[in-house]
Amino acid sequence: MQAGNEAPGNEGRRPYIGGQALLEGVMMRSPHSFSIVCRRRSGELVVRERPIVDARQGARGWPLVRGVMTLVESLRLGSEALRFSAEIYERDLAEAEAEGAPKPKPPSALATLSWPVVALALASPDDAPGPAADEGGKGAKGAQALMIGVALLMFIAAPQGAAWLVNRVLGLGLDIRDAGFQLLTGAFKLTIVVGYLALIRRVPEIRRVFQYHGAEHKSISAYEAGEELVVANARSKTTLHPRCGTTFLVLVALVSVIIFSAVAPFLPRFGLSSGLLENVALFLLKLPFIPVIAAVTFELQRFTAKFCTTGPLRALLLPGFAVQKITTVEPDDDQLEVALASLRAALSRETEPARAPARVTESTFASYETFVQKGVFSTP
């Protein structure tokens with residue numbers, strides 16, 4: 001979640017912080033730090049932090065180019081964080097079973113199948129401070145490929161297929177390259193994404209992740225307001241944030257309608273006898289435009305987050321905020337502690353770089369109070 005190196009309204013003074021909700025945890029990242037904090041069933045906090053390189057220079061910082069590169073980087077970091085949080089959760093399951101104690105309920109099949117969609121809604125395409133060290137290996141690449149596959153299915157294949165079916169059944173007579181057909185496709189994009197998010201919000205495991213999503217937003221809002229990073233300050237903030245991955249998904253749907261409406265009439269026609277085959281051909285022709293859509297959406301979200309948070313232009317944020325009401329749930333204080341701990345851990349490398357370790361560190365704290373009292377992770 002971000003629109004630059006610093007929090008909006010605090011340019012040049014405070015390092016940017018972005019984040020993502022996890023399974024019983026929160027990931028935060030700053031220009032030089034990537035931190036993950038998860039809460040175990042015992043109440044302990046597991047803190048994992050490592051350096052990343054702030055390399056937003058050269059072509060990586062060019063408008064449009066930066067959008068594609070940072071989206072890929074955000075998915076990579078998000079995949080790594082999600083995998084780590086899943087490993088911590090599995091440790092709790094194994095230890096509870098070994099102790100004969102009531103063990104945490106394993107994720108349901110629906111929750112497991114929903115993870116790629118949840119990851120897309122939570123992984124903000126920020127102006128990521130990478131490249132980061134690739135510690136994910138094949139697992140991380142597989143997770144990224146799965147998320148990209150889900151994105152193609154939900155944002156191109158399924159909406160276009162639904163629009164084609166409705167067009168045919170109702171006899172609307174729309175050519176698949178007409179602007180009207182693209183508008184119908186866009187309506188199905190929003191319907192599919194919003195409907196699916198509303199459905200999985202009812203799954204208890206996903207709802208808890210959405211609570212951590214709210215905790216992440218509240219903590220970052222407290223930081224951007226220049227307030228002390230304590231639970232009371234974070235609790236008073238809204239769960240909505242303009243640089244959220246959910247808002248990005250909504251903007252992608254809107255931007256894609258505009259771009260495809262403009263370019264579809266000029267795409268080549270193959271004269272295939274089957275309407276289904278013509279649809280498949282159009283789907284393949286749309287794929288090269290995905291980076292363009294991502295790049296334009298990134299710049300649009302960057303603009304709205306920086307200039308539209310107050311005044312009449314705030315209306316531009318309302319569609320994203322409306323869908324965020326699905327993907328964020330009011331967190332409890334324990335979840336706010338996790339988000340604040342992750343935020344403090346990320347900031348520690350920015351404020352005290354000389355003390356920061358050069359490699360990955362993983363520590364366990366008995367409680368949030370212990371974490372704060374250790375004084376290892378301070379705030380600016």
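A helix, as I use the word in these entries, is a DSSP run of H or I with at least four residues, numbered from the N terminus. The model I am reading is a predicted one.

**Entry 1: aromatic pairs**

I began with the rings and found that the structure holds 4 aromatic pairs. I looked up Phe260 and Phe289, whose rings lie 6.3 Å centre to centre with 80° between the planes, an edge-to-face arrangement. This pair links distant parts of the chain, since Phe260 sits in helix α7 and Phe289 in the loop between α8 and α9, 29 residues apart. I then asked myself whether Phe260 is buried or exposed. Its relative accessibility is 2%, and because buried means under 20%, Phe260 counts as buried. Its partner Phe289 has a relative accessible area of 21% and is therefore partly exposed.

I turned next to Phe303 and Phe307, which form a tilted pair at 5.2 Å centre to centre, with 45° between the planes. How many residues apart are they in helix α9? They are 4 residues apart, which means that about one helical turn separates Phe303 from Phe307. For the accessibility of this pair I noted 38% for Phe303, which counts as partly exposed, and 49% for Phe307, which is also partly exposed.

I closed this entry with Phe365, Tyr368 and Phe371, which ring pairs link into a cluster.

**Entry 2: helix α8**

I went to α8, the helix that precedes the loop holding Phe289. Helix α8 runs over residues 275-286, and its 12 residues reach 16 Å from the first C-alpha to the last, close to the 16 Å expected at 1.5 Å a residue. I then listed the residues of α8 that are buried, and these are Glu278, Asn279, Ala281, Leu282 and Lys286. Looking down the axis of α8, I see that its buried residues fall within an arc of 160°, so they line one face of the helix.

**Entry 3: the largest pocket**

Rolling a probe the size of a water molecule over the atoms shows where empty space is left. I looked up the largest pocket and noted about 570 Å³ of space in it. Its lining is made of 25 residues, and those nearest its centre are Leu71, Leu75, Ala151, Ile290 and Ala294. I traced the lining back to the helices, and found that α1 (65-99), α3 (137-169), α7 (245-263) and α9 (290-307) each supply at least two residues. Which helix gives the largest share of this lining? It is α3, with 7 residues. Sorted by class, the lining of the largest pocket has 21 nonpolar, 3 polar and 1 charged residues.

**Entry 4: the cavity**

I also searched for enclosed space, and the structure holds 1 cavity of 30 Å³ or more. About 30 Å³ of space lies in the largest cavity, and I listed its lining as Val117, Leu120, Ala121, Met154, Phe155, Val193 and Leu249. The elements that give two or more residues to this lining are α2 (109-122) and α3, and α2 gives the most, with 3 residues. By class I counted 7 nonpolar residues in the lining of the largest cavity, with no polar and no charged ones.

As a last note I set the two linings side by side: α3 gives two or more residues to the lining of the largest cavity, and α3 also supplies the largest share of the lining of the largest pocket.

Notes
Residues are numbered from 1 along each chain as its sequence is written. This is a predicted model: local features need pLDDT of at least 70, side-chain atom pairs count only at pLDDT 80 or more; totals for chains, interfaces and linings use all residues. Side-chain values use heavy atoms; hydrogens and water are left out. The expected span of a helix is 1.5 Å times one less than its number of residues. Buried means under 20% relative accessible area, exposed over 50%, partly exposed in between (1.4 Å probe, protein chains only). The arc is that of the directions from the helix axis to the C-beta atoms. On a 1 Å grid over the protein atoms alone, a cavity is a set of points where a 1.4 Å probe fits but cannot get out, and a pocket is an open set with protein on both sides within 12 Å along at least five of seven lines; lining residues have an atom within 4 Å of a point. Grid points are joined across faces, edges and corners, and a volume is the space filled by probe spheres set on the points. Ala, Val, Leu, Ile, Met, Phe, Trp, Tyr, Cys and Pro count as nonpolar, Asp, Glu, Lys and Arg as charged, and the others, Gly among them, as polar. Rings of Phe, Tyr and Trp (its six-membered ring) pair if their centres lie within 6.5 Å; planes under 30 degrees apart count as stacked, over 60 as edge-to-face and the rest as tilted.
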